[in-house]
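Hi everyone, thanks for making the time. I'd like to walk you through a structure that will be new to most of you, so let's put it up on the screen.

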Amino acid sequence: MITYHPGTNVLEAARQRISYIFDNFERIIVSISGGKDSTVLAHLALTEAHKRGRKIGLFYLDEEVVYQATIEQVEYLMSLYPENT
């Protein structure tokens, strides 16, 4: 269980939750859509994986009709820390 102290901001709370997941689960997979929310979540998870020397999975379902910018964003995320994905 995670306890937050008064004044904990959203970013620090998210980092604490991700740290908790890494502490308690062996296999971690982040589903990404290429949008801003999943991009931030994936980036935080990849940063934690890199810090810990762990690997995580990134899951993206190509729906065939997506913007080129979305595809480029997903490719960027998948190349961010290749040693950790």
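Before anything else, one term: when I say a residue is buried, I mean that its relative accessible area is under 20%, and exposed means over 50%. With that cut-off, 26% of the 85 residues of the protein chain count as buried. And please keep in mind that what you're looking at is a predicted model.

Okay, the overall layout. We've got three helices and two strands in the protein chain. Starting at the N terminus, the order goes α-β-α-β-α. If you lay the C-alpha trace along its principal axes, it spans about 45 × 25 × 15 Å. Now look at the contacts between residues at least 6 apart in sequence: 66% of them join residues at least 24 apart.

Let's start with helix α1, which covers residues 10-24. Does its length make sense, and what should 15 residues span? At 1.5 Å a residue you'd expect 21 Å, and the end C-alpha atoms are 21 Å apart, so that agrees. Right at the start of α1, a side-chain oxygen of N9 comes to within 3.1 Å of the backbone nitrogen of L11. The buried residues in α1 are A13, I18 and F22. And what do the buried residues of α1 pack against? That would be α2, residues 36-52.

So, on to α2. We can run the length check again: its 17 residues should span 24 Å at 1.5 Å a residue, and the end C-alpha atoms are indeed 24 Å apart. The list of buried residues here is S38, T39, A42, L44, A45, L46, E48 and A49. What covers them? The cover includes α1, β1 (29-31), β2 (57-59) and α3 (68-80). Just after α2 you reach G53, which has a positive phi, near 70°.

Now, how do the helices sit relative to each other? Take α1 and α2 to begin with. Their axes come within 10 Å and cross at roughly 55°. An angle like that makes α1 and α2 oblique to each other, and their crossing is right-handed. If you want to find the meeting point on screen, look for L11, A14, R15, I18, S19, F22 and D23 on the α1 side, and L41, L44, A45, E48, A49 and R52 on the α2 side.

I'd pick out E48 from that list. This one lies in helix α2, and its relative accessible area is 10%, so it's buried. Who are its partners beyond four places in sequence? E48 is in contact with I18, S19 and F22.

Next, α2 and α3. These axes also come within 10 Å, but here the crossing angle is roughly 10°. That is why we call α2 and α3 roughly parallel to each other. From α2, the residues involved are T39, A42, H43 and L46, and they meet Q73, L77 and L80 in α3.

T39 deserves a moment too. You'll find T39 in helix α2, and at 15% relative accessibility it counts as buried. The side chain of T39 reaches the backbone oxygen of G35 at 2.7 Å. Setting aside neighbours within four places in sequence, T39 touches G34, Q73 and L77.

A quick stop at the strands. S31 belongs to strand β1. Once you leave out the neighbours within four places in sequence, S31 is in contact with S38 and F59. Going back along the chain, I18 is 13 residues from S31, and their C-alpha atoms are separated by 14 Å.

Last residue, I promise: K55. It's in the loop between α2 and β2. Buried or exposed, K55? At 55% relative accessibility, K55 counts as exposed. Now compare sequence and space: K55 and T85 are 30 residues apart along the chain, while their C-alpha atoms are separated by 5.2 Å. Apart from neighbours within four places in sequence, K55 is in contact with P82, E83, N84 and T85. And the side chain of K55 reaches the backbone oxygen of E83 at 3.0 Å.

So if you take one picture away, let it be this: α2 is oblique to α1 and roughly parallel to α3. That's it from me, happy to take questions.

Key: Residues are numbered from 1 along each chain as its sequence is written. This is a predicted model: local features need pLDDT of at least 70, side-chain atom pairs count only at pLDDT 80 or more; totals for chains, interfaces and linings use all residues. Side-chain values use heavy atoms; hydrogens and water are left out. Helices (H or I, at least four residues) and strands (E, at least two) are DSSP runs, numbered from the N terminus. The expected span of a helix is 1.5 Å times one less than its number of residues. Buried means under 20% relative accessible area, exposed over 50%, partly exposed in between (1.4 Å probe, protein chains only). Contact means heavy atoms within 4.5 Å. A polar contact is a pair of N or O atoms within 3.5 Å; within protein, one must be able to donate a hydrogen and the other to accept it, and residues adjacent in sequence count only if both atoms are side-chain atoms. Axes are lines fitted to C-alpha atoms, for helices over the stretch in contact, and angles run from 0 to 180 degrees between N-to-C directions. Angles under 35 degrees count as roughly parallel, over 145 as roughly antiparallel, 65 to 115 as roughly perpendicular and the rest as oblique. A crossing is left-handed if the near helix is turned anticlockwise from the far one by less than a right angle, and right-handed if clockwise.
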